[in-house]
Amino acid sequence: MVFEELEHTADIRMRITAPDLSSLFAESGFALARTLYGDYPRETPAVSFPLQADGKDPEELIVNFLSELLFLTETEYLVPQKFTLTVGPSVSGTVQGVLFDRQKHAGGTGVKGISYSGLSLTKTETGYELIIIFDI
């Protein structure tokens, strides 16, 4: 696992690490999905949706990306299984997944939004580290 939940008084705070930005964005998507759906099973994707987000800096870019993913989970009942992303000045690509099934995916916590509070995206010796809060 390359993401972990950290202590927070009211929301869900995560530390996510990855060797490159594309992987960091994908792992942040899985961290959001695990928050929403609990420890759900990995399955063969049945649906695919385009993802596109812009931002004036990497921090705004990841918040906008996760906000777009949160929107897809709510409007399309998407449970992410795979990300194919290109990250530069913007992020674009696809998220593949399955449709929500209460028997498999009901173990999580509702997320209202992605917070800028306490947001930290840093380059490390081994890649990147993101600290982010999901508002619940």
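Is Tyr77 buried or exposed? The legends below concern a predicted model, and the view of Tyr77 returns to this point.

**Figure 1. Overall view of the protein chain, a predicted model.** The chain contains three helices and seven strands. Read from the N terminus, these elements follow the order β-β-α-β-α-β-β-α-β-β. The radius of gyration is 14 Å, close to the 14 Å given by the globule rule for 136 residues, so the chain is as compact as a globular protein of that length. Along the principal axes, the C-alpha atoms occupy a box of roughly 40 × 35 × 25 Å. Of the 136 residues, 43% are buried. When contacts between residues at least 6 apart in sequence are considered, 62% of them join residues at least 24 apart.

**Figure 2. Surface and charge of the protein chain.** The accessible surface amounts to about 7000 Å², and carbon and sulfur atoms account for 49% of that area. There are 10 positive and 19 negative side chains. The centres of these two sets are 3 Å apart.

**Figure 3. Close-up of Tyr77 in the loop between α2 and β4.** Helix α2 covers residues 58–75 and strand β4 covers residues 78–87, with Tyr77 in the loop that lies between them. Tyr77 is exposed, because its relative accessible area is 54% and the cut-off for exposed is over 50%. Its backbone has a positive phi of about 60°, although Tyr77 is not a glycine. Most residues other than glycine have a negative phi.

**Figure 4. Close-up of Gly88 in the loop between β4 and β5.** Strand β5 spans residues 90–99, and Gly88 sits in the loop that separates this strand from β4. With a relative accessible area of 40%, Gly88 is partly exposed. Pro58 is 30 residues away from Gly88 along the chain, and the C-alpha atoms of the two are separated by 8.8 Å.

**Figure 5. Close-up of Ser115 in strand β6.** Strand β6 comprises residues 113–124, Ser115 among them. Ser115 counts as buried because its relative accessibility is 10%, and the cut-off for buried is under 20%. The side chain of Ser115 reaches the backbone nitrogen of Ser117 at 2.9 Å. Beyond its neighbours within four places in sequence, Ser115 is in contact with Val63, Ile132, Ile133 and Asp135.

**Figure 6. Close-up of Ser117, also in strand β6.** Ser117 provides the backbone nitrogen that the side chain of Ser115 reaches. At 47% relative accessibility, Ser117 counts as partly exposed, whereas Ser115 counts as buried. Between the C-alpha atoms of Ser117 and Asp135 the separation is 9.9 Å, and the two residues are 18 apart along the chain. Asp135 is also one of the contacts listed for Ser115.

**Figure 7. Close-up of Ile131 in strand β7.** Strand β7 runs over residues 127–135 and includes Ile131. Ile131 is buried, with a relative accessible area of 7%. Its contacts, leaving aside neighbours within four places in sequence, are Leu6, Arg13, Met14, Arg15, Gly118, Leu119 and Ser120. Asp39 lies 92 residues from Ile131 along the chain, and 20 Å separates their C-alpha atoms.

Note on methods
Residues numbered from 1 in each chain as written. Predicted model: local features only at pLDDT ≥ 70, side-chain atom pairs only at ≥ 80, totals over all residues. Heavy atoms only, no water. Helix = DSSP H or I, 4+ residues; strand = E, 2+ residues; numbered from the N terminus. Buried < 20%, exposed > 50% of the residue type's maximum accessible area, 1.4 Å probe, protein only. Polar contact = N/O pair within 3.5 Å; in protein donor to acceptor, adjacent residues only side chain to side chain. Contact = heavy atoms within 4.5 Å. Rg over C-alpha atoms; globule rule 2.2 N^0.38 Å. Areas by Shrake-Rupley, 256 points an atom, 1.4 Å probe, with all protein chains shown as cover. Lys, Arg positive; Asp, Glu negative; His and termini not counted. Charge placed at Lys NZ, Arg CZ, Asp CG, Glu CD.
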